[in-house]
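Subject: Handing over the structure

Hi there,

Here is the structure I promised to pass on to you. Have a look at it first, and then read on for what turned up.

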Amino acid sequence: MWKGRFAQDTDEAVVNFTQSLDLDWRMAAADIRGSIAHVRMLAHTGLLAKDEAAVIEKNLREIACEIKDNAFEPKISLEDVHMNIEARLTEKCGATGARLHMGRSRNDQVNTTVRLYLRSELLDIWQGLYSLIAALVKKAEEHKNKVVPGYTHLQQAQPISMGHFWMAHAQAFMRDARRLLAAYDAVDESPLGCGALAGSTLPLDREFTRADMGFSRITENSMDTVAHRDHFLDILYFAAVFGTHASRLCEDLIIYFTTEFGWVKLPDSFCTGSSIMPQKKNPDVLEIIRGKSGQLTGALVDLLTMVKGIPLTYNRDLQDDKRSLFRTLICLSGIFSVLPPLISKVDIDEERANRGFEDGLILATDVAEYLVLHGVPFRSAHEKVGHAVRWCIENKRPMDKLTLLEWQAIIPEIEEDLLPLLSPRRSMERRDTAGGASSHQVEIQIEHANKKLADFAHEFEEYAKRLPQM
């Protein structure tokens, strides 16, 4: 395509090193759709005769069918998907096909193709994220009355509803949904017509192509448009944060699944065994997801490092901008194929979980707050209950089994009305402040989460309606 300027052919090693066909061939349909919009605009503005535009669009559609049927063998010598399609078009309709690239640079062409491709991909990612959040919310409803330990520092802290646990993770993923929406919005701009960096001397109509491709708006500065990859970074940031949330969920389940904890029950169909130890049931799916979170973080760092020192506007460094991005999309798709159905099959052994309450010490905060309600300053109450904890440990007495006389010997302010409060279930249900662990508060969280999910789904449905048809 640049043979007019060069006296020598490109070295074969350079061709192989600089080609991106292995990366961008997956975007062939999106590239063709962007070209169709461009050709329609050229006819609309009179830059191309309507009959010529019709011939080009017809042949582009035929090429799309050839690609779909695997009848099109792309050539590495043509470097990328864009030049392969243009070469095939010229082969099919001669000089008319050579008019396709009028008023367009590969810079704005590639940018357009990627954005068209990403919109569809992000909608698929949303479906996976929706399935995961819905599975967590459903589990919260199922387990809202199950009492389990809550932890800080991986030490027992206070009794919670298992529904509260599931909703804690659901909340994190709902923040990810908002980040995904923001990433989609960043992608949803039409760059076509920006040219190499400065626009065009031809009377292009960018609003026409924007509307034809279903983008929400056009980009506003041609130099910035071809130079930045912020929309990629927004996607990768969403993915990296999602990865940390998914990893934390997996880590929780892996720990609570161990024999030492043993109150999370994972489905056999999502676990594996050992090649030598017959008794083993390993949470490999959760471990692999935990490991893949590193890939998602690495992809973000990869692109941040790539773009940090590139001058305006386009530089060839950016040819590899999509490698980590596409690997990320594949990684996310894999996670969503297994994590939601795994979550839907998790069960809880409440009796096993409650064995951890046998010393009663998880109720220490309840005793301190009881004293506060009886006029004892909190720091004093904290100290008094700390002494009681030590006494129970030294005397091997469960805190929730102490008699009133034993309590009063340690803390004189305690009265008989404390004793009915000292059970893990009662403790959980009394934590009824907004956002708290009680089953009532979990029901409120579930209601709010379902509404938010519906709102998110509506926004993504509106985006989906604007995707252009081939």
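Let me start with a question: which residues line the largest cavity? Please keep in mind that this is a predicted model. The lining is made up of His38, Met41, Gly103, Leu192, Gly193, Leu204, Asp205, Arg206 and Thr209. Two elements, helix 3 (28-44) and helix 8 (206-213), each give two or more residues to that lining. Sorted by class, the residues around this cavity are three nonpolar, four polar and two charged. The space inside comes to about 40 Å³, and the count of cavities of 30 Å³ or more is one.

Next, a pocket. The second largest pocket has a volume of about 370 Å³. It is lined by 21 residues, and those closest to its centre are Asp80, Arg106, Asn107, Val110 and Tyr314. Helix 6 (106-142), helix 10 (230-257) and helix 12 each contribute two or more residues to the lining. Helix 6 gives the largest share, with five residues. By class, the lining of this pocket holds seven nonpolar, six polar and eight charged residues.

Then there are the salt bridges. Side chains of opposite charge can pair when their charged atoms come close. The model has 36 salt bridges in total. A few that you may like to find on screen:

- Arg323 pairs with Asp22, with 3.2 Å between the closest N and O atoms. This salt bridge links distant parts of the chain, as Arg323 is in helix 12 (residues 321-344) and Asp22 is in helix 2 (residues 21-24), 301 residues apart. Arg323 is partly exposed, at 24% relative accessible area, and Asp22 is also partly exposed, at 49%.
- Arg425 forms a salt bridge with Glu350, and their closest N and O atoms are 2.8 Å apart. Arg425 belongs to helix 17 (residues 424-430) and Glu350 to helix 13 (residues 350-354), so the pair ties together parts that lie 75 residues apart in sequence. With a relative accessible area of 37%, Arg425 counts as partly exposed.
- Asp321 and Lys322 form a salt bridge as well, with 3.0 Å between the closest N and O atoms. Both Asp321 and Lys322 are buried.
- Lys58, Glu62, Glu66, Arg88, Glu91 and Lys92 are joined in a network of salt bridges.

Helix 18 deserves a look too. Helix 18 (residues 439-465) contains 27 residues and spans 39 Å from its first C-alpha to its last, close to the 39 Å expected at 1.5 Å a residue. Which elements do the buried residues of helix 18 pack against? They pack against helix 6, strand 2 (155-161), helix 7 (162-187) and helix 17. Among the buried residues of helix 18 are Val442, Ile446, Leu453, Phe456 and Phe460. Helix 6 therefore turns up twice in this tour: it gives residues to the lining of the second largest pocket, and buried residues of helix 18 pack against it.

One last stop is Cys65, which sits in helix 4 (residues 50-68). Is Cys65 buried or partly exposed? At 47% relative accessibility, Cys65 is partly exposed. The C-alpha atom of Cys65 is 9.3 Å from that of Ala29, with their positions 36 residues apart along the chain.

Enjoy exploring, and write back with any questions.

Best wishes

Terms used. Residues are numbered from 1 along each chain as its sequence is written. This is a predicted model: local features need pLDDT of at least 70, side-chain atom pairs count only at pLDDT 80 or more; totals for chains, interfaces and linings use all residues. Side-chain values use heavy atoms; hydrogens and water are left out. A salt bridge is a side-chain nitrogen of Lys or Arg within 4 Å of a carboxyl oxygen of Asp or Glu. Helices (H or I, at least four residues) and strands (E, at least two) are DSSP runs, numbered from the N terminus. Buried means under 20% relative accessible area, exposed over 50%, partly exposed in between (1.4 Å probe, protein chains only). On a 1 Å grid over the protein atoms alone, a cavity is a set of points where a 1.4 Å probe fits but cannot get out, and a pocket is an open set with protein on both sides within 12 Å along at least five of seven lines; lining residues have an atom within 4 Å of a point. Grid points are joined across faces, edges and corners, and a volume is the space filled by probe spheres set on the points. Ala, Val, Leu, Ile, Met, Phe, Trp, Tyr, Cys and Pro count as nonpolar, Asp, Glu, Lys and Arg as charged, and the others, Gly among them, as polar. The expected span of a helix is 1.5 Å times one less than its number of residues. Contact means heavy atoms within 4.5 Å.
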